[in-house]
Amino acid sequence: MTRGSSTGYWIGFTVVLAALAAAPLVLPPFWQRFATEILVWGLLAMSSDILIGYTGMVSFGHSAFFGLGMYGAAAALLSVKPPNLWLAMLYGLVGAAIVAVFVAYFATRLRDIYFSITTLVFSQIFYVIIFTWTEVTGGENGLTFSQPLLSIPGIFSTRFTIETLHWFILGVVTCSYLLLRRITQSPFGRVLQAIRENEPRTRAIGYHVERYKMVAVMLSGLFAGAAGVLYAIQNKFAAPDFVFFLISGETVIFNVMGGAGTLVGPVAGAAFFLLLREGVSRFFTEYYLIPVGIIFTLMVIFVPQGLLGFLRRRLDQ
Amino acid sequence: MSVGIPLDQIAIQTVNGIVNGMILALVASGLTLIFGIMDVVNFAHGDLVMLGGFTGASTLALTGNFWLALLVAALTIAVLGAALQASTLRPLLGRDPLTTILATFGMSLVLQKYAIWQWGPSARSLKEPITGQFTLFYLQYPWYRVATAVLAAAIIGGLYAFLKYGRYGIWIRATTQDRIMAQAMGIPVPIVHTVVFAIGASMAAASGVLFGPLGGVTQNMGADFTLRAFIVVVVGGMGNLGGSIMASIFISLLEAYASLVVSPAQAVIVSFMALILTLLFRPTGLFVPTPK
Amino acid sequence: MLALRDVHTYYGKSHILHGVTIDVGPGEVVGLLGRNGVGKSTTLKTICGLVRPAEGRVEFEGRNVAGWAPHKLPPLGIAYVPEDRRIFRLLTVLENLRTGLDRRGVTEARRQQLLEKVYHHFPVLRERRNQAGGTLSGGEQQMLAIARAMMLEPKIILLDEPTEGLMPRMVGQIREIIRVLHEERVAILLVEQNLPLTLEVSSRVYLMEKGIVRHQATPDELRQQHDVIRQYLGV
């Protein structure tokens, strides 16, 4: 970072935050929900950036974390009456954490491709379990439930409106972002990046690489689970489609398109992808993935540093 | 729950396992060949199986000849594979393998949606060319299944012979071992890569057609095959042709036996377990001799 | 026949060759001497296309081949024998030879001729022709690497440290094979640490230091220039 950009950064941050906060006030209904969804997927993208961008581990397992967060929240909202927001978050995070422990334990011993394939397989294991265990998970049809109230026990309790839901989610996502930013810029974060750059050397220096990787997976899983909880709250349903590895694939797309290793990049990537999908599907209906897939593949070849990396290079010139 | 599983059911599942294993072996050999020579983990391999199946189904509907459909599918997808490799993967030569996973993942998305666009959302079935059954342990077993296993074995055998003898087999093996020196000897490595990808693609397509009468041709069979092929290639040892074949049969037998106890959708977890155990204890592959 | 003009090559950010200029005439044996790390191997790799030069020309028979894909050079007549031999370990000896033999325009009769010639000069290869390359000893692998290059019927062979790691009596074999190649009018650009051998077989030698050619002499001249030898070779 260049000197003096720190102030510039915070100004930019405030501007973007203000714009996002103002969104539901100025946009028509469809786009209001859309803006909220971008935030949720952005959080998912950020969580996977910890692994892909910072530690250099391409994970296809994020759908498992996301899905378990979703189903965990569903479990809370269905089993405890009246549906409690904070309980949903708790259950969701715990669910995601359990999956994260599994993945962390098994997968961090493996390098590169084997790690990616294993995370893919894990994601599919959970998909199969959720899909076939109809009594508990609702199988193919998933679960529906009612939206919890925005409540702080003892102080107030009110229904969510589109605006307040958006601001709540914005709040969670922003806090997550600031937290993740803190973590990635800390010594811990720098070790992760060292692992990405040159794992054998980092190990040789004396860092217990496996432990760092495990913590990275846990962190990543938790925030992905949080995204799942938010999605469940916003949409009031949980479905196995979200555990299918395609979601993980889309997450990876966000990262690559936006620029891995920047935290902000993947969020931009998610927004870009979703807008692209929205726009393209007007013309191509459900075949939007054909041109979008082509664009993605071309970006992998020609612009691997993502949009953000590309812009950064332009600005530096 | 019943006292035990009747012997003839176990026997049937054994044969089923071997038949499915041979089809999977056909898919996995292509995948491992591609990985061995150019370090590409082809995420879209299963989609080539699917496209082969659809192309075969269309050709069959048009001509009524199953074997012609098999040939047309194999050739068409070979050309498609060559085109994909030349346009998308050749520029990525030398970049890290994760980039190729992403690129082939992008390809996979496009191919899947293209199939829906071209053939619609409903599944196709292929009528088997050999009808009739024979008696196997008190039950009737279709000839076609046996024929499939034999044909798959023949194709793989053909591939093996091609690699072992003949000038181009030497080129392929040399390029797989040392791409740089192969170039220094005048072997046109970029073309060899494209041809090998085309061969792998055509084998995948053939599997799709052969599998058609057994399980139908569906839009999501691609993901299924890709996942299973990955598992087989890892369990068998990446780049190891013989290993993939043994692993294919091993995994298919496991699943066949498991489906006696649980539903087929859940039987696939057995394969996942095999993968994870392999990665934990014998990461170079179950069927690879332990490196000295 | 082969001319390098002001060639600059980088490995990533490292500037290895700082403007190398070298000539090799048809049928000449030219030596390239220098300490470890001065860029001798990189020079050979630049010629055969394994490394792309950032600047400069690599002219072969009048054509600038700098930056060409490596597999296009053997048909022109350039063969490369790398420092670590790099034979195909899992291919048999015969299959190794065939990677050079299986070319366009070689009749069956010519193939047999070339094989016989190589077996004549390297009888051990005939013995082991169906054995995997990786089972050969170091010296035998070196023979195979050179034989393989000969299968290309090249106009020039780039030989990178052929005697490295070989037993002294095998050095004689290397000397012999260089002589045979020279008789057949095959040019050789020889990178070597073995000074006596190089002086014996070459008609000219270049001395390199830090990525550039510092000195050129005939072997007779160089034998008298002890201070030069000490400066660039440290002997």
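Start with chain B and the sequence separation of its contacts: among contacts between residues at least 6 apart in sequence, 75% join residues at least 24 apart. Keep in mind throughout that this is a predicted model.

**Stop 1: chain B as a whole**

Select chain B and colour by secondary structure. You should find 11 helices and 2 strands. Walking from the N terminus, the elements come in the order α-α-α-α-β-β-α-α-α-α-α-α-α. The radius of gyration is 19 Å, close to the 19 Å that the globule rule gives for 292 residues, so chain B is as compact as a globular protein of that length. If you draw a box along the principal axes, the C-alpha atoms of chain B fill roughly 65 × 55 × 35 Å. Of the 292 residues of chain B, 53% count as buried.

**Stop 2: helix H6 of chain B**

Now select residues 167–177 of chain B, which make up helix H6. Which residues of this helix are buried? They are Ile170(B), Trp171(B), Ile172(B), Ala174(B), Thr175(B) and Thr176(B). Next, show what covers them. From chain B, the cover includes helix H1 (7–38), helix H5 (143–164), helix H7 (179–184) and helix H8 (189–215). Chain C takes part too, since its helix H2 is included in the cover of the buried residues of H6(B).

**Stop 3: the nonpolar core**

Show Ala205(B), Leu158(C) and Ile188(C) as sticks. Of the 262 residues in the largest nonpolar core, these three touch the most other members. Centre the view on Ala205(B) and, leaving aside neighbours within four places in sequence, look for its contacts: Leu48(B), Val49(B), Leu51(B), Gly52(B), Thr55(B), Ala73(B), Ala74(B) and Ile77(B). As background, nonpolar side chains tend to be buried together in soluble globular proteins.

**Stop 4: where chain B meets chain A**

Which pair of chains shares the most contacts? Of the 2 pairs in contact, it is chains A and B. Select the contact residues on both sides: 32 residues come from chain B and 27 residues from chain A. On the chain B side, helix H4 (97–119), helix H9 (221–236) and helix H11 (264–281) each supply at least two residues. H4(B) gives the largest share of that side, 14 residues. Colour the chain B side by residue class and you get 26 nonpolar, 5 polar and 1 charged.

**Stop 5: where chain B meets chain C**

Move to the other contact of chain B. Here 20 residues of chain C are in contact with 15 residues of chain B. Select residues 93–101 of chain C, helix H2: with 4 residues, H2 gives the most to the side of chain C that touches chain B. By class, this side of chain C has 10 nonpolar, 3 polar and 7 charged residues. Before leaving, check chain A against chain C: the two do not touch, and their nearest C-alpha atoms are 16 Å apart.

**Stop 6: chain C as a whole**

Hide the other chains. Chain C has 9 helices and 10 strands. The radius of gyration of chain C is 17 Å, close to the 18 Å that the globule rule gives for 235 residues, so chain C is as compact as a globular protein of that length. Along the principal axes, its C-alpha atoms fill a box of roughly 50 × 35 × 30 Å. Of the 235 residues of chain C, 44% count as buried. Among contacts in chain C with a separation of 6 or more, 68% are between residues 24 or more positions apart.

**Stop 7: the six-stranded sheet of chain C**

Select the strands E6-E7-E8-E3-E9-E10, given here in sheet order: they form an open sheet of 6 strands with mixed pairing. Strand E6 (78–81) and strand E10 (212–217) are the edges, each pairing on one side only. On average, neighbouring strands are turned by 20° against each other, direction ignored.

Now zoom in on strand E3 (residues 29–33) of chain C:

- With strand E8 (residues 187–191), E3(C) pairs in the parallel sense over 4 bridges. Look for Val29(C) opposite Ile188(C), a residue you have already seen in the core.
- With strand E9 (residues 204–209), E3(C) also pairs in the parallel sense over 4 bridges. Here Gly31(C) stands opposite Val205(C).

**Last stop: the hairpin**

Follow Val205(C) across to E10(C), where it stands opposite Ala217(C). E9(C) and E10(C) run antiparallel and are joined by 5 bridges. The hairpin has 2 residues between the strands, and Lys210(C) takes a positive phi near 50° there.

Key: Residues numbered from 1 in each chain as written. Chains lettered and ligands numbered in written order. Predicted model: local features only at pLDDT ≥ 70, side-chain atom pairs only at ≥ 80, totals over all residues. Contact = placed C-beta atoms within 7 Å. Nonpolar A, V, L, I, M, F, W, Y, C, P; charged D, E, K, R; others polar. Pairing = 2+ DSSP bridges. Axes fitted to C-alpha atoms, helices over the stretch in contact; angles between N-to-C directions. Buried ≥ 20, exposed ≤ 12 C-beta atoms within 10 Å, placed from the backbone. Rg over C-alpha atoms; globule rule 2.2 N^0.38 Å. Core = buried A, V, L, I, M, F, W, Y, C linked by C-beta atoms within 7 Å.
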